[in-house]
Amino acid sequence: MTHTVLHDLRRAARLAICGATLLCVASSALAEAPLPRPRPSIADTFASSCTAPDPELAYAALPRSLREVRLRRMIGQLLVVSYSGTRPTDAGVLAARDAIAEGRIGGVLTFRHNIGSAADIAAVNASFAQASEELLPMIAVDQEGGVVMRVKPSEGAPATPSAAEVAATSPREAAATYAAMATRLAELGFTANFGPVVDLAVNPDNPVIAGYRRSYGNAPAVVADYARAFVAAHRSSGVGTALKHFPGHGSSTDDSHDRAIDLTPTWRRAEMAPFRTLIATGEADMVMAGHLTLDGITGPDGLPASLSPQAIDGFLRETLCFGGVVVSDDLAMNAVSSRWDAATAVRMMIEAGGDVALLSLPSGQGLSTVDAIIDDLAERAAASRAFADRIRHAYARVAHHKLDLAETPAPAVGTREAQASLAR
């Protein structure tokens, strides 16, 4: 064998040995490398060391007179409904006032069609407040600022910019803006304002949040800071607030007024941060659960957050340790009403751990829908001790919320305006 052939054979052998060695080293490195870890669940991401409040203790802490009310009156406290009329002598206003006095409802929703003048709304709200002395009714309005203002400047409200415009000002200016709004709402007799919006403006094409400039921005810390100014101003005036729309509506591509929205393709974990922050610091009076589904939050059954045990009991109560009031978005919205009747939707909300059902009543049906709901829930409670406990616990959270607000000296309800309206 020639020298050249031997050289070539020895070279080929060395290459084979080297190749085998490299393969062994590579195989060994792969064997020692950690396998990719699964992404933490949303609950794991936001889990904390807090302890979920005990609803039975909350019920036990109520004054005896509030613990001993009949179950049907407890159910009534969980219902906040629309009404018709603009003056205290209108039939719809009188019917709502009587329903409050009888304990059939715990409050009312004020819409644009209820607004006449500042004097009228002050008089109407005063009549509602006087109908229930031990627990003030929830006299609620959507008064965010910008395009979402049920009460306009011509009707006695200050001109309030949208959330996006407020976020362009300093925190001190924001505090002054919201102080003017909250003071005036209290003077007009409102006890709840369904805001602030803490949805992140992560989708500039969002038709219901960014499209109307209802968000303070896309940075969670900024949104929490300006929402904090909104909450603090209202608390100082004895007006409750509700963070909305849990678990976050800012990335959606549709409007939940039309149908239930699946957030899963678009939602980002940062959208939960403002809720967690404000709950952890005790700055959430209420949280509004939206008609929104999201894998990892609402479960595999297709229920929206407003009706989902996994979202309310599992996430808001257990993971975020929220012991305050969970209020549904309007259950008359098509996202819910196209699938369930009102009584079923309210029952599902309570079973999920929710507290206050918002409901726009069908035109012409008056309060008959309310009575049907109360009958349905009372029958269910009679058959199930667990469901009766759900009602008691929700009632306790609502009652504590109202008692807390009542401790804050609020501006006098527009007495002069109310008297002027009544005198006409």
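**Exercise 1. Find the centre of the core.** Which residues touch the most other members of the largest nonpolar core?

*Solution.* Start with the term: a nonpolar core is a set of buried Ala, Val, Leu, Ile, Met, Phe, Trp, Tyr and Cys residues joined through side-chain atoms within 4.5 Å. Buried means under 20% relative accessible area, exposed means over 50%, and partly exposed lies in between (1.4 Å probe, protein chains only). The largest such core has 116 residues, and Phe128, Phe194, Tyr216, Phe246, Met272 and Val287 touch the most other members. Next, look for the element that gives the most to this core: helix 16 (residues 385–406), with eight residues. In soluble globular proteins, nonpolar side chains tend to be buried together.

Two notes before you go on. This is a predicted model, in which local features need pLDDT of at least 70 and side-chain atom pairs count only at pLDDT 80 or more, while totals for chains, interfaces and linings use all residues. Residues are numbered from 1 along each chain as its sequence is written, and side-chain values use heavy atoms, with hydrogens and water left out.

**Exercise 2. Take stock of the whole protein.** How many helices and strands does the protein have, and what share of its residues is buried?

*Solution.* Helices (H or I, at least four residues) and strands (E, at least two) are DSSP runs, numbered from the N terminus. The protein has 17 helices and 12 strands. Of its 424 residues, 50% count as buried. Now turn to contacts, meaning heavy atoms within 4.5 Å. Among those between residues at least 6 apart in sequence, 78% join residues at least 24 apart. Finally, the surface: the protein exposes about 18500 Å², and carbon and sulfur atoms supply 56% of it. Such accessible areas come from the Shrake-Rupley method with a 1.4 Å probe; for residues, only the protein chains shown count as cover.

**Exercise 3. Follow the rings.** How many aromatic pairs does the structure hold, and which parts does the pair of Phe46 and Phe315 tie together?

*Solution.* Rings of Phe, Tyr and Trp (its six-membered ring) pair if their centres lie within 6.5 Å; planes under 30 degrees apart count as stacked, over 60 as edge-to-face and the rest as tilted. The structure holds six aromatic pairs. One of them joins Phe46 and Phe315, at 6.4 Å centre to centre with 70 degrees between the planes, an edge-to-face arrangement. Phe46 lies in helix 2 (residues 42–46) and Phe315 in helix 12 (residues 309–319), so this pair ties together parts 269 residues apart in sequence. Phe46 is buried at 4% relative accessible area, and Phe315 is buried at 2%.

Then look at Tyr178 and Phe230: their ring centres are 4.9 Å apart and their planes are at 65 degrees, so this pair is edge-to-face. Tyr178 belongs to helix 9 (residues 171–187) and Phe230 to helix 10 (residues 220–236), so the pair ties together parts that are 52 residues apart in sequence. Tyr178 is buried at 0%, and Phe230 is buried at 1%.

Last, ring pairs link Phe46, Phe246, Phe275 and Phe315 into a cluster.

**Exercise 4. Trace the surroundings of Phe246.** Which residues is Phe246 in contact with, leaving aside its neighbours within four places in sequence?

*Solution.* The contacts of Phe246 include Met272, Phe275, Val287, Ile297, Phe315 and Leu316. Step next to helix 11 (residues 273–280), where Ala273, Pro274, Phe275, Leu278 and Ile279 are buried. The buried residues of helix 11 pack against helix 2, helix 10, strand 7 (240–246), strand 9 (286–289) and helix 12.

**Exercise 5. Spot the unusual backbone.** Where are the cis peptide bonds, and which residues have a positive phi although they are not glycines?

*Solution.* Most residues other than glycine have a negative phi, and most peptide bonds are trans. A cis bond joins Gly195 and Pro196, with omega about 5 degrees; Pro196 is in the loop between strand 6 (192–193) and helix 10. Another joins Phe246 and Pro247, with omega about 5 degrees; Pro247 lies in the loop between strand 7 and strand 8 (261–262).

For positive phi, Arg213 has about 60 degrees and is partly exposed at 44% relative accessibility. Cys321 also has a phi of about 60 degrees, but Cys321 is buried at 13%. Cys321 sits in the loop between helix 12 and strand 11 (325–328).
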